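Let's take a friendly walk through this structure, with the cut-offs given as we go. Please keep the model open beside the text.

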Amino acid sequence: MIKRACIYCGTTDNLSDSDIIPDALTNAKIINPNVCRIAHNSKFSDYFESKVIEKLATITNLLDVKSSKGKQYARYPMIFTIGNEEYFTKIASDTEVFQKINTSLDGKTKIGPIDKILKISGASEYNVTAIDINEREITKKIILNLEVFFSIEMYRLITKIAYEWYCLHNNICNKIDAFDDIISFITTGEGKNPVQFVGNVALYKALDIIGSYGSHTLIAYIGSDDSVNIIVSLFGIAIYNVQLLPKAIKECQNNCIFQELSLDSQRKKFVFKSIKELEDDFISLISSAQEIPKGVNNNGVKLNIAVLDDTSFVIKNMYLEGFNDMQNNIMCVSVPSPQTYELLKSRIFNVFQISALTLKGLKRFVHEHRVFWKESFKLNPNGGDKKNIFLYYILLITGISCFQSFKELIRYLKQKLGKSEIALTDELIKDFEQIILSTKNYQDAITDGADIIDTWEN
Ligand SMILES: [Zn+2]
């Protein structure tokens with residue numbers, strides 16, 4: 001039996017399961033069990049992981065990703081405007097905004113629940129105005145600092161993810177000297193930085209087509225200079241290339257690997273030794289699909305129906321089609337340019353525009369919003385949150401149609417809207433709003449929908 005040891009230092013003592021992607025950044029766990037507990041698992045959290053997790057709080061929160069250890073979603077900063085006043089707040093859910101007292105940016109005005117406001121010393125009916133927030137136009141601005149994507153902490157984290165993932169898929173269970181430079185960069189942040197930001201827009205688009213929204217994707221490939229590289233796509237927002245080794249080593253035979261980890265915890269994967277092996281597999285996949293199954297049509301003509309395992313076909317096809325770009329045209333960026341920031345901004349904008357429906361996210365929405373439905377609640381069409389309107393629409397149609405399961409809801413949406421990942425354009429939101437507000441007693445249908453969703457099993 002092979003004796004297992006830490007892939008960073010070679011110790012056999014006190015090995016632990018390392019979350020290859022930190023728990024707070026993914027809903028789909030992957031583990032490398034060959035990492036020693038203190039020096040190379042816990043300490044990475046202080047060195048670089050916690051800072052990245054904190055800076056990405058807005059993204060994880062809005063994608064319904066949270067640490068399995070914590071109860072709450074990460075808090076994130078936001079500025080909201082009512083009338084002429086701007087307020088800064090930090091929230092874990094958008095329902096928190098008006099539960100507490102927030103001070104305007106100029107420090108002159110406070111907003112909050114009226115009973116709490118009146119308890120502030122000096123507050124009286126003379127200087128406090130009651131407003132109905134359901135009647136006011138509210139705009140919300142999310143604050144994101146893009147520097148985190150180019151920080152040393154991010155580069156160390158991305159290298160760690162690439163290294164632990166590559167070792168896992170090559171059954172490496174000990175420290176190998178060939179990785180010394182990589183290990184040193186991860187553990188100390190010193191030495192040559194192996195990470196570069198990928199600027200080739202075609203690669204982002206290719207991953208968009210195969211992947212579901214908000215996924216992490218990892219790809220191992222051999223570069224045109226024979227180097228071993230790992231592509232790490234973080235939430236489909238930022239793609240990095242990590243040069244792990246100057247050339248392949250005999251201990252690591254698998255160099256054509258793909259894995260996608262989606263927001264609803266789905267995993268797609270293949271592992272091959274080389275691009276040649278993948279090509280052979282792909283050809284046999286196509287030829288087998290052309291042979292079976294056979295049928296006879298109405299006119300007695302024999303039919304050959306091509307049936308392919310969709311997921312596997314699509315991801316293999318993507319790898320083969322993207323291979324040339326990966327090898328020769330990845331357009332790596334070491335120092336971010338204005339174009340790099342534009343690319344990142346448009347990727348983030350996409351993430352906030354598109355709503356992928358997951359059962360986890362839907363249950364969270366019900367849980368957080370239910371507190372407001374006790375008395376006669378009404379929807380504020382000017383509340384400044386498109387995703388809210390979309391999810392209220394989901395609750396409404398669930399309440400009206402009494403779907404038996406999450407799957408049934410998804411099937412309905414696919415028929416009606418074409419897909420379950422929906423770009424929340426202004427027109428579409430207007431349509432949803434119209435449907436909700438024109439439904440008689442929409443509040444009852446919404447709470448019925450919420451009750452139904454509560455009964456759905458994960
Ligand atoms: Zn160790």
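The paragraphs below go from the whole chain to the zinc site, the cysteines, the strands and one loop residue.

A word on conventions: this is a predicted model, in which local features need pLDDT of at least 70 and side-chain atom pairs count only at pLDDT 80 or more, while totals for chains, interfaces and linings use all residues. Residues are numbered from 1 along each chain as its sequence is written, and side-chain values use heavy atoms, with hydrogens and water left out.

Let's begin with the overall picture. The chain has 14 helices and 18 strands; these are DSSP runs numbered from the N terminus, with helices being H or I of at least four residues and strands being E of at least two. Taken along the principal axes, the C-alpha atoms fill a box of roughly 80 × 70 × 45 Å. Of the 458 residues, 47% count as buried, where buried means under 20% relative accessible area, exposed means over 50%, and partly exposed lies in between (1.4 Å probe, protein chains only). About 23000 Å² of the chain is exposed, and carbon and sulfur atoms supply 51% of that area; accessible areas come from the Shrake-Rupley method with a 1.4 Å probe, and for residues only the protein chains shown count as cover. Among contacts with a separation of 6 or more, 67% are between residues 24 or more positions apart, a contact being heavy atoms within 4.5 Å.

Next comes the zinc ion. Its coordinating atoms are SG of Cys6, Cys9 and Cys36 together with ND1 of His40, at 2.1 to 2.4 Å. Donors here are N, O and S atoms within 2.8 Å of the metal (3.2 Å for Na, K and Ca); water is not among the atoms, so sites may look incomplete. Along the chain the donors follow the spacing C-x2-C-x26-C-x3-H. The angles among the four donor atoms are 96 to 116°, and the site is tetrahedral. That label applies to four donors if all angles lie between 85 and 135 degrees; four count as square planar and six as octahedral if opposite donors are over 155 degrees apart and all others between 65 and 115, and anything else is irregular. Two of the ligands count as buried: Cys36 at 7% relative accessibility and His40 at 11%.

What about disulfides? A disulfide is a pair of cysteine sulfur atoms within 2.5 Å, and by this rule the count is zero. Cys252 is buried, with a relative accessible area of 1%, and the closest cysteine sulfur, in Cys167, is 6.1 Å from its own, too far for a bond. Cys256 is also buried, at 1%; its sulfur is 15 Å from the closest cysteine sulfur, in Cys252, so the two are too far apart for a bond.

Cys256 also leads us to strand β12. Six of the six residues of β12 (residues 256–261) are buried, so the strand is largely enclosed by the rest of the structure. In a regular strand the side chains alternate between the two faces of the sheet. Here Cys256, Phe258 and Glu260 point one way, while Ile257, Gln259 and Leu261 point the other. β12 belongs to an open sheet of seven strands with antiparallel pairing, in the order β13-β12-β9-β10-β11-β8-β16. Its edge strands, β13 (267–272) and β16 (332–333), each pair on one side only. Two strands pair if DSSP finds at least two bridges between them. β12 pairs with β9 (residues 216–222) over five bridges, with Ile219 and Phe258 as bridge partners, and six bridges join β12 to β13, where Gln259 stands opposite Lys269. β12 and β13 form a hairpin with five residues between them, and Ser265 in the turn has a positive phi of about 70°.

Strand β3 (residues 76–82) is largely enclosed too, because six of its seven residues are buried. It pairs antiparallel with β4 (residues 85–91) over seven bridges and with β7 (residues 138–142) over five. The hairpin of β3 and β4 has two residues between the strands, with Gly83 in the turn at a positive phi of about 60°.

Finally, find Leu144 in the loop between β7 and α4 (152–169). Leu144 is partly exposed, at 24% relative accessible area. Beyond its neighbours within four places in sequence, Leu144 is in contact with Lys55, Thr58, Ile59, Ile348 and Phe352.
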